[in-house]
Amino acid sequence: MSYKKFTAAQIFNGYQFLEPATVIITDKEERIIDIVPRSEAGEYIQELEGLLCPGFINAHCHLELSHMKGIVPEHTGLPAFVTNIVQQRNFPEDQIQQAIADAEQEMIANGIVAVGDICNNAHTLPQKLQNNIAYYNFIEVSGWNPSIASVRFEHSKNIAEAFQSQIDPPRRSRLSLSPHAPYSVSDELWHLLIPGFAGKTITIHNQECSAENELFEKGTGAFLNMYEQMHINNAHFVPTGKTSLQSYYPKLENAGHKILVHNTFISTGDITYINSYPETRIPKPSTVHLPSSTVYGQRSTVYFCLCPNANLYIENTLPPIDLLRKNNCNIVLGTDSLASNHQLSIWEEIKTIQKHFPHILLQELLQWATINGAHALQMDTELGSFEKGKRPGFILLHENRAPRNVF
């Protein structure tokens with residue numbers, strides 16, 4: 001068997017920084033054979049410059065919208081952004097496919113090894129069949145008008161079946177039918193979706209703008225204009241008097257892992273509400289020493305996905321990250337789409353957070369970008385950390401450079 005041995009000035013293993021002079025040993029397939037002190041590693045050790053880290057996990061992306069880069073102007077607000085996407089997303093198939101291929105290559109170049117990808121169609125399937133990146137395919141379901149619930153559900157099931165029929169067996173479980181957002185899924189459509197949640201990771205766009213809460217609390221706001229422009233009948237809707245999260249969250253009770261995306265306007269009351277639900281806990285790995293700040297042992301089926309560059313692009317605001325941290329929330333990172341971001345790079349998301357929240361240590365940010373994301377996408381047996389038997393990808397980080405893949 002052919003082995004590779006390498007070390008770096010700093011090594012982050014997914015949980016914490018390792019002691020200096022640690023050596024990682026892999027086989028020719030890039031799978032970790034051992035992690036040992038340099039004194040036990042023998043000869044032929046490759047010295048790497050920079051911070052060595054497991055491959056990044058992009059917990060939220062819309063790869064199918066890659067052809068829309070630069071189409072929607074910045075700072076429109078979410079309702080106008082959604083309207084623009086719906087009205088302008090149709091392009092020639094060859095342009096869509098080329099943009100998808102280019103965007104995936106961009107993610108690979110930026111050290112991303114796994115993606116939670118939103119799918120409203122099968123446009124990304126040909127690229128995904130090349131198995132360049134691990135994907136959890138979230139087949140997105142939407143339909144605000146109750147009368148179209150069955151039609152929309154069947155349409156999404158057909159897309160899911162197209163993925164299932166072509167993806168190889170080990171990856172078929174990485175798929176779920178997931179609701180788009182509270183403002184786009186009727187109660188009738190929720191009723192059809194809920195039986196399929198068990199054991200799956202389910203994602204939903206959550207509280208991306210203040211208008212979302214206003215709709216559910218008062219029945220007013222910018223979403224009414226969006227419904228009117230898109231000719232969507234809103235006559236059935238009765239405000240709940242609660243925030244959007246508190247209005248829909250009970251419907252996710254039977255899901256496996258839950259990824260709430262954006263969370264730009266989440267409140268302390270919302271987090272307290274979530275914490276009132278009993279959640280299963282992920283046990284601490286016995287072979288890894290974890291710092292006191294680790295997420296393990298806390299509530300571990302709910303993940304809060306941050307996409308700060310997209311939040312700045314659309315709403316020109318950022319989520320209350322310190323509020324989430326104060327309440328021990330499990331945080332993961334995403335890029336959203338090239339329709340709402342200038343690049344697909346988790347490292348750029350980290351740098352944006354560092355700019356606005358400089359007190360957050362890099363170790364914590366890297367946890368969000370690696371092991372937390374791997375757990376959220378149920379890929380932690382293979383990805384997210386440097387541990388024996390895993391094949392997590394190896395990237396080198398430098399403060400002012402893009403990540404570089406080691407292999």
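Six positions of helix α4, namely Ala149, Phe153, Ser156, Ile159, Ala160 and Phe163, turn out to be buried (under 20% relative accessible area with a 1.4 Å probe, counting protein chains only; over 50% is exposed, and anything in between partly exposed). They sit on the same side of α4, because they cover an arc of only 125 degrees around the axis, going by the directions from the helix axis to the C-beta atoms. Flip to the other side of α4, and Val151 and Ser165 are exposed.

This is a predicted model, so local features need pLDDT of at least 70 and side-chain atom pairs pLDDT 80 or more, while totals for chains, interfaces and linings use all residues. Residues are numbered from 1 along each chain as its sequence is written, and side-chain values use heavy atoms, with hydrogens and water left out.

What do the buried residues of α4 pack against? Their partners are β6 (112-119), α3 (125-128), β7 (134-141), β8 (175-179) and α6 (187-193).

Zooming out, the protein has 14 helices and 14 strands, taken as DSSP runs (H or I, at least four residues, for helices; E, at least two, for strands) numbered from the N terminus. Its C-alpha atoms fill a box of roughly 70 × 45 × 40 Å along the principal axes. Of the 407 residues, 56% count as buried. As for contacts (heavy atoms within 4.5 Å), 74% of those with a separation of 6 or more link residues 24 or more positions apart.
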